[in-house]
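Biologist: Take a close look at one spot in the backbone for me, then work inwards from there to the core and the ligand. Keep it informal, but give me the cut-offs.

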Amino acid sequence: MSPLAPNIIERSAPIETWFGVGGGADLLARPHNETELRDLLREQAGASVQILGDGANLLIHDSGVDGLTISLEEMNAVHFPEDDEAPIVTAQGGAGLPKLILGCVQRGLAGVETLAGIPATLGGAVVMNAGGAFGQIADTVRRVHAITRSGQKITLARREIDFNYRRSGLNDLIITGVELQLERVEPGDQPELRESLKRIMAYKKNSQPMGERSAGCVFKNPTVGAERLGAGKLIDEAGCKGLAVGRASVSHVHANFVVTTPDATAQDIIELMARVRDRVEAHHGVTLEPEVVIWSRAGVGAAR
Ligand SMILES: Cc1cc2nc3c(=O)[nH]c(=O)nc-3n(C[C@H](O)[C@H](O)[C@H](O)COP(=O)(O)OP(=O)(O)OC[C@H]3O[C@@H](n4cnc5c(N)ncnc54)[C@H](O)[C@@H]3O)c2cc1C
């Protein structure tokens with residue numbers, strides 16, 4: 001086997017996620033550009049590869065994860081249009097969404113302020129089709145630039161992407177860049193755009209446990225018949241608010257959030273999710289599916 005490329009860390013420290021639990025990666029790499037990324041994929045051909053965004057929707061098992069984990073945190077450039085250019089923002093997959101939203105609002109570019117309060121990289125937001133009551137990232141995506149696991153570059157137009165509720169169908173790709181089609185707001189209307197951002201942030205602060213460690217909603221909102229039901233409401237009605245396993249508990253503010261304290265383990269969260277799912281099934285006859293992405297080693301059980 002050839003020696004490891006200099007930018008790969010072997011048996012990394014625990015990977016940082018918003019839950020603050022879980023183990024490390026066998027191999028962790030932070031490529032600086034597409035060439036390094038493609039070299040890595042070539043050198044590690046055959047290894048299982050997973051892409052790390054901001055870790056805001058990730059639950060990693062306590063024993064960590066096999067193979068190569070690639071963080072795109074160094075591939076984070078954002079290009080905002082000049083005033084006389086079309087209102088298209090182009091950014092790399094590792095660009096931070098909150099900063100990008102702020103940059104857009106400051107320049108009078110509307111469209112992504114609807115995603116305020118969602119921690120993510122742009123790539124992670126597109127893969128998950130992040131969104132909520134005010135909109136979803138799919139509403140603004142113009143084109144996606146990506147690399148296949150075998151290192152091939154591809155570009156997809158919006159119409160070629162099968163966006164749906166919290167899904168994009170792009171999970172097998174590595175999203176390296178995204179073009180967002182926004183709207184330029186007249187200078188006189190820019191204060192209203194800034195107000196809109198503040199209103200959405202205030203709504204989030206009032207309805208979600210923003211100051212606590214979580215991964216946002218742990219379960220998807222289930223579709224029953226033709227109706228999409230709120231998982232949080234079902235969990236609340238099943239009497240799960242405050243339910244705890246070890247250092248993980250169901251938030252009192254929003255029942256679809258599992259919150260953790262510093263000594264929590266991934267196993268606490270996994271067991272708690274299983275209990276919540278059982279209770280909701282018994283109470284409502286509805287089976288909840290995880291929204292949070294779970295990484296584990298081969299042979300280590302994920303959430304039931
Ligand atoms: C406090 C809080 C509030 C939240 N509120 C919301 C909300 O309102 N709405 C909502 O939708 N979500 C919400 N979330 C969840 C989370 O913010 C989103 O799912 C977000 O899109 C995750 O992005 P990420 O970069 O952190 O991805 P990660 O969590 O790092 O990864 C998630 C998945 O995306 C894949 N991925 C990441 N980057 C790439 C890439 N470049 N190419 C290919 N695959 C990639 C990963 O492999 C993984 O499968 C919240 C989370 C927290 C902690």
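**From a loop to the ligand**

Modeller: Arg11 lies in the loop between strand S1 (8–10) and strand S2; strands (E, at least two residues) and helices (H or I, at least four) are DSSP runs, numbered from the N terminus. Before going on: this is a predicted model, where local features need pLDDT of at least 70 and side-chain atom pairs count only at pLDDT 80 or more, while totals for chains, interfaces and linings use all residues. Numbering starts from 1 along each chain as its sequence is written.

Back to Arg11: its phi is near 40°, a positive value in a residue other than glycine. Arg11 is also exposed, with 11 other C-beta atoms within 10 Å. The scale here, with C-beta atoms placed from the backbone, is 20 or more others within 10 Å for buried, 12 or fewer for exposed, and partly exposed in between. Arg166 makes a good companion: its phi, near 55°, is positive too. Arg166 sits in the loop between strand S12 (153–157) and S13, and with 17 C-beta neighbours inside 10 Å it counts as partly exposed.

Now inwards. S2 (25–29) helps cover the buried residues of H1, as do S3, S5 (65–71), S11 (141–147) and S13, among others. Those buried residues in H1 (34–43) are Leu37, Leu40 and Leu41. They span an arc of only 95° around the axis (taken from the directions from the axis to the C-beta atoms), so they lie on the same side of H1. Exposed Thr35 and Arg42 are on the face turned away from it.

The largest nonpolar core (buried Ala, Val, Leu, Ile, Met, Phe, Trp, Tyr and Cys joined through C-beta atoms within 7 Å) has 85 residues, and Ile235 is one of those touching the most other members. H6 (266–284) supplies the largest share of this core, 7 residues. Ignoring neighbours within four places in sequence, Ile235 has contacts (C-beta atoms, placed from the backbone, within 7 Å) with Cys240, Val250, Ala255, Asn256, Val276 and Val280.

Finally, the ligand: 31 residues surround it, with Gly53, Asn57, Gly123, Gly124 and Gly216 the closest; the test is a C-beta atom, placed from the backbone, within 6 Å. H3 gives the largest share of that shell, 5 residues, and S3 and S13 are among the elements supplying at least two.

Note on methods
Two residues are in contact if their C-beta atoms, placed from the backbone, lie within 7 Å.
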